[in-house]
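Let's walk through this one together, one question at a time. Have the sequence and the 3D view open beside you.

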Amino acid sequence: MLEHIPVLLILAPLLAAFLVTGLAWIQSAYCLPLALAGLLGSLLASIAALHQVMAQGALSYEMASWPPPVGIELRIDLFNSLVLVVVSAVSLINLVASWEFIKREFEDRKETFLALYLLFVTGLLGVTATADLFNLYVLLEITSLSAYALIAMGPSSRAPLASLHYVYLGVIGASFYLLGVGYLYIMTGSLNMGDIASLLPAIWSSQTVLVGFVFCLVGVWIKMAFFPMHIWLPNAYTYASMTASRVLAPLMTKVMVYVMIRLMLTVFGAQYIFRVLDLGPVIVWLAVLAIVAGAVMALVQRNLVKMLCYIIVSEIGYMVGGAWMGNQAGMTGSILHLINDALMTFAVFLAAGNFAFKLGELRLENLRDLFARMPLSSAGFVLAGMSIVGIPPTCGFFSKWYLISGGLQAGQHAYVAALLLSSLINAILFMRVVEYAYFGEVRTGHGHHGGHAHGGEMDEAPVAMVACLLLVVASLVLVGLYSESIVSGMIQPFLVRSFV
Amino acid sequence: MEQLLQEIVAKYNYWLYIILMMIGLYAIISKNNLIKKLVGMNIFQTAIILFFISISYKEQATIPIIRNAHGPGHVSPEAIQATAYMNPLPHVLMLTAIVVSVATFGVALAIAVKVYGEYETLEEDEIRTRIREKIK
Amino acid sequence: MDPVVSVRPLLAVLVSLAVVPVLLSSGGRPNVREAWTILAGLIKFGLIVSLVPGVLAGREFSLTLFSFAPGADIALRVDGLGLVFALVASFLWMVTSLYSIGYMRGLAEHSQTRFYCFFAVALSSTIGAAFAANLLTLYLFYEILSLSTYPLVTHHQDEEARKSGRKYLAYILGTSIGLVLPAMILSYNVAGTLEFSQAGIFGAGISPAMATVLLLVFLFGFAKAAIVPLHAWLPAAMVAPTPVSALLHAVAVVKVGAFSIVRVMTGIFGFDLLGSFHLGYPVAIIASVTIILGSLIALSQDELKRRLAFSTVSQLSYIVLGVALLTPYGAMGGILHIVMHALGKITLFFCAGAIMVATGKKYISEMAGIGKRMPLTMGAFFVGSLSIIGLPPCGGFISKWYLALGTLQKQSPLLLGVILTSSFLNAVYFLPIVYKAFFHGPSGGKGAFSVTKEPLMCVVPLLLTAAGSVVLFFWPQLFIDLIEIGLR
């Protein structure tokens with residue numbers, strides 16, 4: 001049993017997805033427990049995997065007992081075990097938090113939504129766990145296809161169009177990735193990551209390898225919404241159903257960042273990426289553009305969710321820049337920020353979802369008097385916002401610390417400046433929301449003597465939604481305070497061979 | 001010039017896939033009709049499938065089914081010449097890729113139907129004007 | 001120094017945080033709520049006082065909470081300087097809680113539970129900043145303090161509060177993220193530690209240019225210290241209810257800013273490094289400009305709280321100036337001024353608030369003759385003014401005496417002149433208020449002010465702090481000893 005953990009954590013939600021589809025015709029009341037069981041199964045399996053990896057090093061699983069490089073290998077090491085735990089935890093918590101919402105938004109289509117949701121999670125877990133480049137492509141497309149459908153199901157009339165635009169770009173991205181894999185296959189005759197990594201050093205100077213790498217990179221960039229390839233993201237996540245965006249926004253882009261770092265460190269190797277290629281400075285500059293552009297575009301948004309989407313674009317810039325800094329601090333920051341950003345994006349989207357559950361459309365003006373009406377959700381939102389701004393002791397501060405250290409060590413002062421600028425802009429963004437939520441209708445004159453008639457009575461979202469939000473917000477602080485354990489226990493051992 | 005031509009002729013499969021890919025990309029970018037964009041997308045994917053298939057091709061090679069591999073008079077594995085057979089792996093990979101691209105196309109068409117249901121047109125500029133009118 | 005691991009500093013920080021849920025749950029019963037606040041204040045003060053004998057005996061209480069990176073953990077350490085600040089802040093929190101009851105009820109303010117909760121959080125972070133063992137921990141509490149005071153500053157939730165709140169966070173958060181954060185990370189990358197130590201953390205590994213830039217960035221980055229030109233948030237923050245202005249904007253928040261600068265100069269750079277790079281004098285000049293400008297602007301203010309705010313701007317820079325002298329007397333005077341100014345200024349704010357509660361008057365020009373109606377309040381105001389001006393028998397005299405000695409040690413008549421000029425200006429903008437309150441006034445006297453009684457819950461605290469000012473003139477020895485230990 002224990003040796004099958006790597007495949008179990010992917011199979012659990014996949015099986016659940018099939019069963020949910022079937023059960024929907026027979027007994028739809030069992031669908032939710034089944035889905036929860038599937039996600040819980042993969043959460044437990046990923047925690048077990050994490051535990052095993054910590055104890056005895058990377059786990060390797062041969063699918064159908066075909067040994068690699070011929071067969072498909074699942075490989076779980078210090079890096080992706082962490083990502084797996086985050087992915088499975090976020091998707092489980094979101095389902096618990098969003099169930100009321102799903103029932104209201106989808107009514108008789110909620111089983112369909114559940115099945116797609118489970119498939120989406122399956123794909124993400126697979127992408128994270130696999131050690132085979134082509135298998136990664138297939139799972140990526142499973143993820144994307146379910147994401148397209150999840151987005152198109154959204155309640156907004158603009159959802160299908162947003163989803164279709166995502167399809168066009170998503171397919172181009174995946175195709176570029178596939179093309180890159182093709183070039184690598186021409187040169188190495190292998191698709192297994194470890195195998196390719198051992199074959200590549202002999203042919204580092206080859207133009208074909210370079211082309212293959214660049215194609216893969218561009219493909220992944222499109223999928224992760226790296227500026228200026230981000231244009232699909234804001235509309236898709238804004239017009240999708242809130243319950244879908246809540247899981248898409250934190251996970252999809254972050255898993256793609258994971259794929260990029262995996263390609264850089266495991267497949268091509270830090271030696272090739274930073275010594276042979278020397279693309280770092282250029283890409284860091286692209287990241288600077290992404291950070292600044294994302295932050296500036298977030299400033300002009302009047303819709304809360306869209307604003308958050310542009311913050312994601314900016315955060316992607318943080319991670320790409322940190323990963324390409326070429327030193328250990330930058331890469332540590334990038335990996336830590338990947339985990340942290342998944343959690344904090346999840347937290348803000350959970351809070352935004354709670355608001356949307358009560359308020360409908362989330363234009364900033366609709367948020368007036370929110371602190372009085374939804375004090376707990378608003379408090380959660382503020383704490384999550386603090387983390388995105390990077391205020392200690394929330395986790396956002398600690399990954400920013402490493403990113404800035406990396407930037408300073410590499411002498412990339414533009415990147416450091418961009419990071420600080422975007423932190424300041426994030427502070428403005430969240431302050432603006434807080435102002436709307438706190439001040440309510442603008443009162444002028446000396447009305448402050450005597451009690452105020454507040455705009456709304458307390459009207460909080462359902463208990464499950466609030467409880468999940470508070471749980472995630474608490475995890476932001478805990479992950480922040482225990483950053484050192486994550487860094488020295490997992491990230492640095494993982495990086496130790498890359499940066500000597 | 002001579003050299004360039006030779007280069008093109010020698011690697012014509014690459015040139016073809018790039019041309020196909022660019023046609024697809026062009027359609028995705030410039031066409032106004034959402035279905036035409038989808039067709040462009042499909043051409044784009046097909047170009048990559050062709051690229052994979054073409055790299056498995058070898059001159060003077062046949063499909064990788066080993067004659068007389070079983071039964072009486074079978075050949076020993078050592079006697080099998082890899083050069084005599086085409087590489088089967090890209091074909092297998094592309095089988096999966098074709099499935100993926102068909103599925104994507106299906107999902108995309110379904111979404112396009114939904115878009116049509118919403119705006120009663122698939123011309124993008126018209127959809128944009130509808131959206132703008134709605135906001136007003 | 002004798003390091004002792006102790007959980008007491010942590011408890012002292014957490015007491016006021018732990019009381020927040022209790023406050024929230026007793027929101028409907030004001031008496032219970034305020035009893036809890038005062039109880040928490042007593043426990044906090046008690047815990048901090050219990051640390052005094054140990055520190056006097058040369059021990060250092062410390063506790064590492066979470067490790068982050070070598071030399072940059074989240075850790076607490078109680079030394080003489082931190083203890084001085086914590087004593088003052090926690091003592092005045094108790095007094096302010098008492099005063100808040102009179103003030104908030106007297107004006108029937110809304111959302112009082114929220115007010116007490118955020119006040120408690122702000123106090124936790126103040127004590128945390130006082131006990132921070134390194135710059136990272138200090139930064140952490142500094143930021144929490146900035147955010148937890150925002151709802152207090154904008155308590156009235158009207159247009160003016162919104163504008164001031166914006167200004168407040170723009171100055172304070174903008175500088176801490178934009179300046180302190182990168183400077184802190186850069187310092188860590190240069191020195192490999194952020195742990196405060198008398199010798200400084202840089203050693204020989206830093207160039208004069210880099211040290212200068214870092215010092216200036218820290219100096220302006222801790223905008224809570226209100227160094228000109230980053231002082232504008234302080235007068236704006238005066239829209240807050242008076243207890244907030246009194247405790248936070250005369251003691252806790254602004255002193256955390258000044259204290260942070262003191263820590264950076266004594267613990268991060270160290271006097272030796274500053275001295276060898278000749279960095280003390282430029283900082284002293286910057287502080288002097290603030291001192292003079294703040295006093296001059298205060299002269300022109302008619303709103304009492306704004307005049308007090310500009311006076312605070314000017315007085316805060318005494319602290320910076322004292323430390324920037326880099327002489328033992330100067331540093332003693334500067335840090336002692338944290339205590340003396342706190343007691344004096346809080347008295348003045350309490351008086352301003354009491355006048356508001358009793359008469360609704362905010363402007364100095366309306367206050368002529370008020371001393372006849374509110375003799376106790378205006379008497380305390382007079383004592384507070386004396387302390388700020390630096391005249392005996394008030395505590396302010398002691399700190400200014402040391403400051404003046406410091407300038408003499410430094411042999412800088414210019415800086416001595418600054419201190420004397422500013423004291424003169426203080427007298428010019430405070431004493432006329434007192435004089436007019438007692439000796440001028442509308443003819444007939446009684447008709448002008450509708451109130452005949454001074455609000456008891458406001459008057460008791462302000463008499464307490466005024467008395468404290470006088471007591472500290474006669475018995476400042478405890479604080480002097482603690483500071484000597486801290487600077488050793």
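Below are some questions and answers on chain B, its partner and a few backbone details.

This is a predicted model, where local features need pLDDT of at least 70 and side-chain atom pairs count only at pLDDT 80 or more, while totals for chains, interfaces and linings use all residues. Residues are numbered from 1 along each chain as its sequence is written, and chains are lettered from A and ligands numbered from 1 in the order in which they are written.

Q: How many helices does chain B have, and how many strands?
A: Helices (H or I, at least four residues) and strands (E, at least two) are DSSP runs, numbered from the N terminus. From that end, chain B runs α-α-α-α-α. The count is therefore five helices and zero strands.

Q: Is chain B compact or spread out, and what is its radius of gyration?
A: Its C-alpha trace spans about 80 × 50 × 15 Å along the principal axes. The globule rule (2.2 Å times the number of residues to the power 0.38, with the radius taken over C-alpha atoms) gives 14 Å for 136 residues. Chain B is well over that, so it is more spread out than a compact globule, with a radius of gyration of 23 Å.

Q: Which helix of chain A do the buried residues of α3(B) pack against?
A: Buried means 20 or more other C-beta atoms within 10 Å of a residue's own; exposed means 12 or fewer, and partly exposed lies in between, with C-beta atoms placed from the backbone. The buried residues of α3(B) include B:L34, B:M41, B:F44 and B:F52. Within chain B they pack against α2 (12-30), α4 (88-119) and α5 (124-135). From chain A, the partner is α6 (159-188).

Q: Which element gives the largest share of the side of chain A that touches chain B?
A: Contact here means C-beta atoms, placed from the backbone, within 7 Å. The contact takes 22 residues from chain A and 25 residues from chain B. On the chain A side, α5 (133-152) and α6 each supply at least two residues. The largest share, 13 residues, comes from α6(A).

Q: Is C:S111 buried or exposed?
A: Phi of C:S111 is near 45°, a positive value in a residue other than glycine. C:S111 is found in the loop between α4 (80-106) and α5 (112-131) of chain C. With 20 C-beta neighbours inside 10 Å, C:S111 counts as buried.

Note on methods:
Two residues are in contact if their C-beta atoms, placed from the backbone, lie within 7 Å.
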